Amino acid sequence: MNKRVLMSVLAIAITLVLVGGATFTYFQDTETSTGNTFTAGTLDLKMQGGTQPWGDGITEAQWTMSDMAPGSPTTEWGKVSLKNVGSIAAHHVQIGCSYTVTEGAPFGDPDNVDTSLDPDSFAKYMVITEIKYYNTGWAIAITEGGYSVSGTLPAGYPIAAADWQITNSDGVSGISLYDLKYDPLDNLPPPPANGLGVYDFEMAVKFHQDAGNDLQGDTFNLTVIFTLNQDSSQ
């Protein structure tokens, strides 16, 4: 091959290699989006009863009876008001209870059992004569025979009729606080979010006529439990 031609070919090849391996710098401009936040909403159940103002729970007793005697016609009514000041709409309210017993004098004959070791044995004689759950537009009344509704309930209620009935499972006539503990009321309409409505709960309780000597002098300590739930699965 002619030297001049060979040199030309080599020059072209070197030029191609240099061009192929060359790097270039380009302009760019980057901007950012800041201040993005994700804040969880709240369910915030507030309660009010008696002279106690709105707050988280109530420490002032709403149900009190003294000198109870079997068969006494005395019935104690108590009332608690509820509202949801949180930002999230709840799905339903559940209402149940828990309790303890304080053993009192006399201990011995005829009160020969420490009822504090078995509070259920007292609870089954604390009879619920009626429960009312309501606001200004509707009311749900719950008794031993089931429940009744007056007015127009919020859309979607009742969810299931059995949720508003208390099963008598303690072997004593009438529904009791024992029954409410083990079969709490469920799927009740919840107060609307942002404190836009107040719902009220009332309950009447009396001492059963079949209560025995073992309960003499003892004190039944009741806690009523209100739970605001976000979802139907809860």
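**Entry 1: the chain as a whole**

I began with burial: 35% of the 234 residues of the protein chain count as buried. I note here that the model is predicted. Next I looked up the surface. The accessible surface of the protein chain comes to about 13,700 Å². Carbon and sulfur atoms hold 53% of that surface. Then I turned to contacts with a separation of 6 or more. Residues 24 or more positions apart account for 72% of them.

I listed the elements. The protein chain has 3 helices and 10 strands. Read from the N terminus, the order is α-β-β-β-β-α-β-β-β-α-β-β-β.

**Entry 2: the sheet of 7 strands**

I traced an open sheet of 7 strands. Its order is β2-β1-β3-β9-β5-β6-β7, and the pairing is antiparallel. Which strands stand at the edges? They are β2 (52-55) and β7 (146-151). Each has a single partner strand, so one side of each is left without a neighbour in the sheet. I also checked the turn between neighbouring strands: on average it is 15°, direction ignored.

I looked at the β2 edge. Strand β1 covers residues 45-49 and pairs with β2 in the antiparallel sense, over 2 bridges. G49 has Q52 in β2 as its bridge partner. The two strands form a hairpin with 2 residues between them. In the turn, G50 has a positive phi of about 60°.

I then moved to the β7 edge. Strand β6 (residues 138-143) runs antiparallel to β7, and 6 bridges join them. I found W138 opposite G151 in β7.

**Entry 3: the sheet of 3 strands**

I traced another open sheet, this one of 3 strands, in the order β8-β4-β10. Its pairing is antiparallel too. The edges are β8 (185-188) and β10 (219-229). Each edge strand has a single partner, so one of its sides has no neighbour in the sheet. From one strand to the next the twist averages 20°.

I followed β4 (residues 92-102) along β10. The two strands run antiparallel and are joined by 11 bridges. H92 has N229 as its bridge partner in β10.

**Entry 4: salt bridges**

I counted 3 salt bridges. D44, K46 and D56 are linked in a network of them.

I took K46 with D44 to begin with. Their closest N and O atoms are 3.6 Å apart. Is K46 buried or exposed? K46 is buried, at a relative accessible area of 18%. D44 is partly exposed, at 25% relative accessibility.

Then I took K46 with D56. This salt bridge spans 2.7 Å, N to O. D56 lies in the loop between β2 and β3, and K46 lies in strand β1, so the pair ties together parts that are 10 residues apart in sequence. D56 is exposed, with 61% relative accessibility.

I went on to D120 and K181. They form a salt bridge, with the closest N and O atoms 3.9 Å apart. D120 is in helix α2 (residues 120-123) and K181 is in helix α3, so this pair ties together parts that are 61 residues apart in sequence. D120 is buried, with a relative accessible area of 17%. K181 counts as partly exposed, at 30%.

**Entry 5: buried acids with no salt bridge**

I looked up D179, which lies in helix α3 (residues 177-182). D179 is buried yet has no salt bridge. How far away is the nearest side chain of opposite charge? It is K124, at 10 Å. A salt bridge needs the nitrogen within 4 Å of the carboxyl oxygen. I then asked which residues D179 is in contact with, leaving aside neighbours within four places in sequence. They are I166, T167, N168, S169, D170 and G174.

I did the same for E76, which is in strand β3 (residues 76-84). E76 is buried and has no salt bridge. The nearest side chain of opposite charge is K79, 14 Å away. I noted that in a regular strand the side chains alternate between the two faces of the sheet. Not counting residues up to four places away in sequence, E76 touches Q62, W63, T64 and M65. E76 also touches M203, A204 and V205.

Methods:
Residues are numbered from 1 along each chain as its sequence is written. This is a predicted model: local features need pLDDT of at least 70, side-chain atom pairs count only at pLDDT 80 or more; totals for chains, interfaces and linings use all residues. Side-chain values use heavy atoms; hydrogens and water are left out. Two strands pair if DSSP finds at least two bridges between them. Helices (H or I, at least four residues) and strands (E, at least two) are DSSP runs, numbered from the N terminus. Axes are lines fitted to C-alpha atoms, for helices over the stretch in contact, and angles run from 0 to 180 degrees between N-to-C directions. Buried means under 20% relative accessible area, exposed over 50%, partly exposed in between (1.4 Å probe, protein chains only). Contact means heavy atoms within 4.5 Å. Accessible areas come from the Shrake-Rupley method with a 1.4 Å probe; for residues, only the protein chains shown count as cover. Lys and Arg count as positive and Asp and Glu as negative; His and the chain ends are not counted.
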